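User: I would like to learn how to read the features of a model like this one. Please take them one at a time, with the general idea before the case.

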Amino acid sequence: MRGVRLELTAPPHLKAPDSTRRIMWSVVGSLVPVIAVATYFFGPSALLVIASATAGAVLTERLLGDRGSLGDGSAAITGLLLGLILPAGLPMWMAFLGGAFGIGFGKLVFGGLGQNVFNPALIGRAFLQAAFPTAITTWPAQGVPWGQLRGDNFALPLLSPNAPDVVTAATPLGLWKFEAIPTDIGGLMLGNTGGSIGETAGLLILVCGGYLALKNYLNWRIPVSIFVTVAAASGLLHGIDGARYPGPLFMLFSGGLILGAMYMATDMVTSPVTNTGAWIFGVGIGVLVVLIRTWGGLPEGVMYAILLMNALVPFINRATQPRVFGHGRNEAPA
Amino acid sequence: MKHLTESIPIRRMPFPDEIVLPLRQHAGRPAQLLVSEGDRVERGDKIAEADGFISVPIHASAAGRVTGIGLWPHPDGSVDTAVRIAVEPFSPQIPRPRIVPHWDGLSPQEVVAAVQQAGVVGLGGAAFPTHVKLLPPDGVNVELLLVNGAECEPYLTTDHRVMVEYPQRVHFGIRVMMHTLGVDRVIIGVEKNKPDAIRALDATRPADLDVTVLPLTVKYPQGAEKMLIQTVTGREVPSGKLPAHVGTVVQNVGSIAAIAEVFETGFPLIERVVSVTGPAVCDPANLIVPVGTKLRDVLDFCGGLSDDVAEVVLGGPMMGACQPDLDAPVVKGTTGIVALTQAETKPKDVHPCIKCGRCLDACPVYLNPQRLGALAQAGRYEDMERARLMDCMLCGCCSYVCPSNIPLSQLFALGKAGLRRRKEQAA
């Protein structure tokens, strides 16, 4: 025992096994089934767009981020999620640019992982929506042969994409909003409807996100409060005028609500740290989604709802600080 | 983790060749030296006197000769004054005969004095002088004696074994405390992972006393004084106040057994039960160790350390301190010697905070460690104080759960020390 080398560290000397790395890569892993189903519905175009967005995000992180920050997996998540909320026919260079913008201006300018205010994938999407409003709202129809591209994915940068030789279709939300045509709920749940690459298969996203919630890799209070709020608000409106306002099931399973609630709103960095805050955050997103979808100029509102609530997170955090043990509720700070 | 030693009966360790007794082994003022180099001491002789009320004397834990008085490695990591005693190799180590007063005939003040003279301190780790708790401040009405048998730190099993093997002694100590404090109601809180301790205490419960054994949820830090009071009584001790303010006195089971021993045998506190455990200890054990035995001697008795040892921690692995020097002695507050391997302690990469909020869920006193950590890294200590840093008890839960491996409780320990220093300078 003489000459034993002892290390000195601060307590605690034990550590829970979870790590940031493991959380991030678990999120990536849970997206694999979603990507697989998206590829089944939208063919090789889905993979091309997702890969381009991811490449844009990862390369930007590699070039401009801190050394070794790629390993934490957060840039990959941003890229994959961005790819999943783009239409399959989008030119690859646009998806790439969206990924690069999301990481560069959505995350790195704030100081990198943990410092950003807004969800970087949604920043990328918002940028694309502003820059290429037509391309990003051109939704390919389902039912074309699997191997066929869903748009001019290989369009050269800065040139207008060729007129697509594939059939395009409106999303269920667009159909409802502009033409008052309802969509079959079964199709919405399984995913064989129009829409962004990864947002159509509602049930599958619920299962994959549920796995993360079980592992405590996302705060279940956020999606639950979003779903309950949207269901309640749309149920109320539907009850008032069933012909004008769609029912709760349609509202829940259409558009990007489920993907957004499970994967975007729950981004740990841009959601509240307190559990009370998580409830407030979720209810706020739910209310905004219903407001935008029902009375806004756009058929879909999940992206803006989450981004707006992201901006409020610091205030929500401050307002929902827990009462410290042994201090009265109204006690002035010492 | 507790499985290593929870079913191993307490054994007595042989006397080492040398005993080292630091004068500071308790919270409060260090004891004042009574002996000088060359003096011969018997086992149980007082070698240092209490300095004031919040202090206790120190007794020789073995018969021998004082060979030196000087600086020696202290188990808190510092170097402090200690008395070295060369143990008499052929002594039978029988303490001088004592007249043991019958506790029933003593006034509370006399019991308090006897407990102080026996050098009894809290054996749960904090080493707060026990007799102080027997004399609640004026104007405070203590209604409940809460006996702390939670022992929530991983690996430690000293209280557990004391409850299983000496339940009668615990109950006798409770009787003395009830007499002294004038309380009628006692609750012994024991975590549910010690069913044998719960059974033993329940089976030996005196019929004439209102004593309840309460099984507690297994949840670190259940044994922290204020947490235990809240679990059992539902009342929160106000920040900066003592448990007596909610009518409760909390005492660790080991300390209660030590009180019992004072009135059973007249023995001062010169030995204690220590769990020697952890994956890097060859032969884990629960030992009665003479206070002042060097860690090296205790570990040698337990077969030594394995080759992959990384850290030797005194106390539990959540709050205990790493030992740089195995010459440091076991002191009155040493609950365990835990030796951990590389596998458990290997340093982990620190990542940026991702605001997952787990530290908020984990904090037992509902602080916001995420924010406190950010403030600490920015050096904003005044803001940390406003965010209630001083209510942090350094339990380590936030550091334990942090997926980014941010050393939160270490930052808070530094912050608390810094704020305290600044206050002292200002005063």
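User: What share of the contacts in chain A between residues at least 6 apart in sequence join residues at least 24 apart?

Analyst: Such a share describes how contacts are spread along the sequence. This is a predicted model, and in chain A the share is 74%. For chain B, residues 24 or more positions apart account for 70% of the contacts with a separation of 6 or more.

User: How many helices and strands does each chain have?

Analyst: Counting elements comes before tracing them. Chain A has 13 helices and 0 strands, so its pattern along the sequence is a run of α elements. Chain B has 14 helices and 17 strands.

User: How do I read the radius of gyration, and what is it for each chain?

Analyst: Compare it with the value for a compact globule with that number of residues. For the 334 residues of chain A that value is near 20 Å, and the chain has 21 Å, which agrees. For the 427 residues of chain B it is near 22 Å, and the chain has 21 Å, which also agrees. The box along the principal axes adds the dimensions: the C-alpha trace of chain A spans about 80 × 50 × 35 Å, and the C-alpha atoms of chain B fill roughly 65 × 50 × 50 Å.

User: What fraction of each chain counts as buried?

Analyst: Burial is judged from the number of C-beta neighbours. In chain A, 54% of the 334 residues count as buried; in chain B, 55% of the 427 residues do.

User: Why is Ile240(A) buried or exposed?

Analyst: The cut-off for exposed is 12 or fewer C-beta atoms within 10 Å. Ile240(A) counts as exposed because it has 9 such neighbours. Ile240(A) lies in helix α9 of chain A, residues 221–240. From Thr9(A), Ile240(A) is 231 residues away in sequence and 64 Å away in space, C-alpha to C-alpha.

User: Which residues have the most contacts inside the largest nonpolar core?

Analyst: In soluble globular proteins, nonpolar side chains tend to be buried together. Here the largest core has 139 residues, and Leu145(B) and Ile337(B) have the most contacts inside it. Helix α7 of chain B, residues 253–265, gives this core its largest share, 8 residues. A second, separate core of 86 residues includes Met94(A), Ala135(A), Phe227(A) and Val230(A).

User: What is Leu145(B) in contact with, leaving aside its neighbours within four places in sequence?

Analyst: Listing partners shows what surrounds a core residue. Those of Leu145(B) include Ile174(B), Met177(B), Met178(B), Leu181(B) and Val249(B), as well as Gln251(B).

User: How do I read a single helix, and where is the kink in α13(A)?

Analyst: Compare its span with the expected one, then look for bends and buried residues. Helix α13 of chain A, residues 302–319, has 18 residues and reaches 24 Å from first to last C-alpha, close to the 26 Å expected at 1.5 Å a residue. Its kink of about 45 degrees lies at Leu312(A), shortly before the proline Pro314(A). Among the buried residues of α13(A) are Val302(A), Ile306(A), Met309(A), Asn310(A), Val313(A) and Asn317(A). The buried residues of this helix pack against α5, α11 and α12 of chain A.

User: How many residues does the contact take from chain A and from chain B?

Analyst: The size of an interface is often given as the accessible area lost when the parts come together. Counting residues instead, chain A gives 34 and chain B gives 54. On the side of chain A that touches chain B, 18 residues are nonpolar, 11 polar and 5 charged.

Note on methods
Residues numbered from 1 in each chain as written. Chains lettered and ligands numbered in written order. Helix = DSSP H or I, 4+ residues; strand = E, 2+ residues; numbered from the N terminus. Rg over C-alpha atoms; globule rule 2.2 N^0.38 Å. Buried ≥ 20, exposed ≤ 12 C-beta atoms within 10 Å, placed from the backbone. Contact = placed C-beta atoms within 7 Å. Core = buried A, V, L, I, M, F, W, Y, C linked by C-beta atoms within 7 Å. Nonpolar A, V, L, I, M, F, W, Y, C, P; charged D, E, K, R; others polar. Expected span 1.5 Å × (residues − 1). Bend = angle between axes of the 7 residues up to and from the residue.
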